[in-house]
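Colleague: I would like a close look at a single part of this model. Please pick one stretch, walk me through it, and then show me how the rest of the chain is put together.

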Amino acid sequence: MNDNPLAAVDVIARISAVPTILDVVCKVTGMRFAAVARVTVDQWIACGVQDNLAFDLAPGGELKVETTICNEIRDHRQPVIIDNVAEDPRYAAHHTPQIYGLQSYISVPILLDDGSFFGTLCAIDTVPRTLNTPEIAGMFTLFAKLIAFHLDAHERIEHERQGSELREQFIAVLGHDLRNPLASLDAGTRMLLRTMTDERGKSVLGLMQNSISRMSGLIDNVLDFARGRLGGGIPIEQADAVPLRPVLEQVIAELRIANPDRVIETHLTDTPVRCDQERIGQLLSNLLANALTHGNSGSPIKVRSAAVRDRFELSVSNGGEPIDDAVVKDLFKPFVRASDTANAPGLGLGLYIASEIARSHKGKLRVTSSPDETCFTFSMPLQ
């Protein structure tokens, strides 16, 4: 709970059950003043109040904590119930009833899930009342637990909200701080290419642009990793059902240009699919990049998409060494590679991000691997 006692006034005000609880307490016991109090070492603050006694204490009002019995309850954490102060051997001469003119009093501790003491649910009156019964004691205890339940729920929601804001800020700052320098490099190399006449210089600038493009892909993967692990999943924007083939063909064309010595065979369906086209394109790009990196360079890579009953399937297969069974079980975890290829590019995030995109589409990504072929298959509902 927030260390600022005044914040508790606002929290209690948000619990819609508190006014009802205080009203029931007064009606059942006959007590004319009831309150939920935040009690700390230094302060006693009324957070919720029902006052039919003209006690003149509203929410946010304070009593000197050392003048209250609640201060003692904070230490021993046990209920205190007094039917008639004048006849009570322990409290007849106690300073609290004398200061406030009390003759009847009941207060039970409000204890949170972590064992911490929030304060009390209490009621007072200037005339004696019959309070020390199992029914009334049980009612107060139950109401105190109900208030504690709401306080704990508020605390959890507040932590989640703050955590969500922190995650969003982290992702935004990460994207900004990584992309801006890269954008400057990209703009600079493009400007130099327009004025460069030396073929050797053009070649060097071309290599630099390839490196920038690869770095941009790495940044995309890092940001998606942050969103997936910190933000509760990779966000998608599902559009109406549209053919995915043009998007898939564009991804394949780009990777063919970047890898002119590799053969990529395709067999793609025109079946409309309701999905986030850019994310599915990213999924294919990651699967193709994985096949280009780890597959046999002498074997063609095969990309297929099809409508199978009520599901859309997209697969990427390649020849090469089979993936070890011990690796397969962890393959879609971050920073895991399909093989130990020396100097393999990337961070080992591509398959993890592809699997997160599949999950965001309520689909699955699975892999089969044999000495003949390794095949990654994405499957999702058509609608």
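Modeller: The accessible surface of the chain comes to about 20300 Å². Carbon and sulfur atoms hold 52% of that surface. Keep in mind that this is a predicted model. The chain has 383 residues, and 42% of them are buried. It contains 10 helices and 13 strands. Take the contacts in the chain with a separation of 6 or more: residues 24 or more positions apart account for 65% of them.

Now the close look, at helix α2. This helix covers residues 17–29, which makes 13 residues. At 1.5 Å a residue, α2 should span 18 Å. Its end C-alpha atoms are 18 Å apart, so the expected span and the model agree. Which residues of α2 are buried? They are Val18, Ile21, Leu22, Val25, Cys26 and Thr29. These residues cover an arc of only 130° around the axis, which means that they sit on the same side of α2. The face turned away from that buried side carries the exposed residues Pro19 and Lys27. Right after the helix comes glycine 30, with a positive phi near 85°.

Next, the cores. The largest nonpolar core has 37 residues. Leu284, Leu288, Val303, Leu314 and Phe378 touch the most other members. Several elements each supply at least two residues of this core, among them α7 (245–258), α10 (350–360) and β12 (364–369). Helix α8 gives the largest share, seven residues. Leucine 288 shows what such packing looks like. Leaving aside residues up to four places away in sequence, leucine 288 touches Ile252, Leu255, Ile264, Ile301, Val303 and Val316. Apart from this core lies another, of 32 residues. Its members include Ile21 and Val25, together with Cys47 and Phe118. Ile21 and Val25 are among the buried residues of α2.

On to the strands. Six of them form an open sheet in the order β3-β2-β1-β6-β5-β4, with antiparallel pairing. β3 (62–63) and β4 (80–82) stand at the edges. Each has a single partner strand, so one side of each is left without a neighbour in the sheet. Inside that order, β5 (residues 104–111) and β6 (residues 117–125) pair over eight bridges, in the antiparallel sense. Valine 108 stands opposite leucine 121 in β6.

Further along, look at β10 and β11. These two strands form a hairpin with two residues between them. Arginine 309, in the turn, has a positive phi of about 55°. Seven bridges join the two strands, again antiparallel. Alanine 306 has glutamate 313, in β11, as its bridge partner. β11 also pairs with β13, antiparallel, over eight bridges. There, arginine 311 has proline 381 of β13 as its bridge partner. Is β11 mostly covered or mostly uncovered? It is mostly covered: six of the eight residues of β11 are buried.

One last stop is threonine 368, in strand β12. Its C-alpha atom is 8.6 Å from that of valine 328, which is 40 residues away along the chain. Setting aside residues up to four places away in sequence, threonine 368 touches Glu373, Thr374 and Cys375.

Methods: Residues numbered from 1 in each chain as written. Predicted model: local features only at pLDDT ≥ 70, side-chain atom pairs only at ≥ 80, totals over all residues. Heavy atoms only, no water. Helix = DSSP H or I, 4+ residues; strand = E, 2+ residues; numbered from the N terminus. Expected span 1.5 Å × (residues − 1). Buried < 20%, exposed > 50% of the residue type's maximum accessible area, 1.4 Å probe, protein only. Arc of directions from axis to C-beta. Contact = heavy atoms within 4.5 Å. Areas by Shrake-Rupley, 256 points an atom, 1.4 Å probe, with all protein chains shown as cover. Core = buried A, V, L, I, M, F, W, Y, C linked by side-chain atoms within 4.5 Å. Pairing = 2+ DSSP bridges.
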